[in-house]
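Thanks for making time this morning. I would like to walk you through a few places in one structure, and I will take them slowly.

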Amino acid sequence: MDRAQKEKLVEDLGQIFESSGVVVVAHYEGMTVKQMQDLRARMRVVGGSVRVAKNTLAKIALEGKAIAKMGDLLAGMTVLTFSEDPVAAAKVSEGYAKDNERFVILGGAMGGTVLDPVGVKAVASLPSREELLAQIASMIGAPASNIAGAIGAPASNIAGILSTIEDKAAA
């Protein structure tokens, strides 16, 4: 790889570190090509990506960033998984680590915070963006349905009372 390619790679990695909602660093030593393709496919489904890069270039890309301390995780055969959704890459990485003992999560970063493996696990346990939006929508819709039920209830009660009075009068 010549110098121009390395500079381009450092720039790309810097962009990943700045724009991703979460970046997870893991060891992948001993994984087969098929296993790596499986990981990439799982990440693609949630809008995430997988990137293998030289640790020295990744450390250069981290210089001057809020998560520069993440460079301490970059040792050995490391792979970066990342996504714009702050939870997606962590969820997929955590799930994949459970299925494959050769994929070992070292830590990561979310926003300006460097995470250890426990932190990545905590992020993975959070609901995804879509789940949060669904919860918010249901919370917004619940008061409206409660109000409609409350408004409709007295009318049905009155109708029931009138029906009872009619029945008594007819008897």
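I will start with one helix, go on to a glycine, and finish with an asparagine in a loop.

Please keep in mind that this is a predicted model, in which local features need pLDDT of at least 70 and side-chain atom pairs count only at pLDDT 80 or more, while totals for chains, interfaces and linings use all residues. Residues are numbered from 1 along each chain as its sequence is written, and side-chain values use heavy atoms, with hydrogens and water left out.

In helix 3, residues 55-62, the buried residues are N55, L57, A58, A61 and L62, where buried means under 20% relative accessible area with a 1.4 Å probe, protein chains only, and where helices are DSSP runs of H or I, at least four residues, numbered from the N terminus. Seen down the axis, these buried residues fall within an arc of 160°, taken from the directions from the helix axis to the C-beta atoms, so they line one face of helix 3. Among the elements that cover them is helix 1, residues 3-19.

Helix 1 also holds G14, which counts as buried at 8% relative accessibility. G14 and A61 are 47 residues apart in sequence, yet 4.8 Å apart in space, C-alpha to C-alpha. Leaving out residues up to four places away in sequence, G14 touches A61 and K65, contact being heavy atoms within 4.5 Å.

Finally, N100 lies in the loop between helix 4 and strand 4, strands being DSSP runs of E, at least two residues. N100 is buried, with a relative accessible area of 5%, and, beyond its neighbours within four places in sequence, N100 is in contact with M31 and Q35.

Definitions and conventions. Buried means under 20% relative accessible area, exposed over 50%, partly exposed in between (1.4 Å probe, protein chains only).
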